[in-house]
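User: I've got a model open and want to know what the labels on it rest on. Can you take me through them?

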Amino acid sequence: MAWLDGHAPDGSLIPAPAAPGVEVSAGHVLGMAQARGEQYYMAGWDPESHAPKWLGLGPSAVLFDLYTGEYVADHGGGPAVGGPTWTAVADGSTVQANVPPGFHQEKPPDRIPNLLLYATPGSGGVMGRVRAVQRIETSGGHPGPPPTEAQIDAAEQRTVPYSALYVFHGDLPEEHAGH
């Protein structure tokens, strides 16, 4: 079993998990990975409402294959570099993704939200087959109540641990197409 080949250890196709609010039709489930890491924030003003807000700087996480527990990818990126990025350990290939137009995410008060992200084209390697990424089953990662003016003036930063299940969707490798 290779990472992102679309198959479970028994050779069957990986079934799509139930993910209310973040359904995707971008091909087959290629792989699922449990992430553990941190979300980074800086105190600032919401550019739309001009209200105090913890502005997301991006994540830093490691991903482990849901079936084997093998370390398979790193996750980073954020707004400053054009969106979240995943890098496969196997071949160093990357995929970057962004929220699709019109997607309205839930806003839970105690954890980061589930997300649906569409991959930007251009990568090769195993990540080159990824067309969409779901972030589901989230825990932690929420920065808490809005910052105070003093925190904004001090440009305070916050690091918040989180975990999530990432589901990678896309095209099966040629040798598995039609199965």
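User: What share of the 179 residues in the protein chain is buried?

Analyst: Buried residues make up 44% of them, where buried means under 20% relative accessible area, exposed over 50% and partly exposed in between (1.4 Å probe, protein chains only). Bear in mind that this is a predicted model, where local features need pLDDT of at least 70, side-chain atom pairs count only at pLDDT 80 or more, and totals for chains, interfaces and linings use all residues. Residues are numbered from 1 along each chain as its sequence is written, and side-chain values use heavy atoms, with hydrogens and water left out.

User: Why is Ala155 called partly exposed?

Analyst: Its relative accessible area is 38%, and partly exposed is the class between 20% and 50%, so the label fits. Ala155 is in the loop between helix 1 (149–153) and strand 8 (157–170); helices (H or I, at least four residues) and strands (E, at least two) are DSSP runs, numbered from the N terminus.

User: What makes a set of residues a nonpolar core?

Analyst: They must be buried Ala, Val, Leu, Ile, Met, Phe, Trp, Tyr or Cys, joined through side-chain atoms within 4.5 Å. The largest such core here has 34 residues, of which Leu63, Trp86, Met127, Tyr166 and Phe168 touch the most other members. A second, separate core of six residues includes Ile14, Met32, Leu165 and Val167.

User: How do you know that the radius of gyration agrees with a compact globule?

Analyst: The rule is 2.2 Å times the number of residues to the power 0.38, with the radius taken over C-alpha atoms. For 179 residues that gives a value near 16 Å, and the protein chain has 17 Å, so the two agree.
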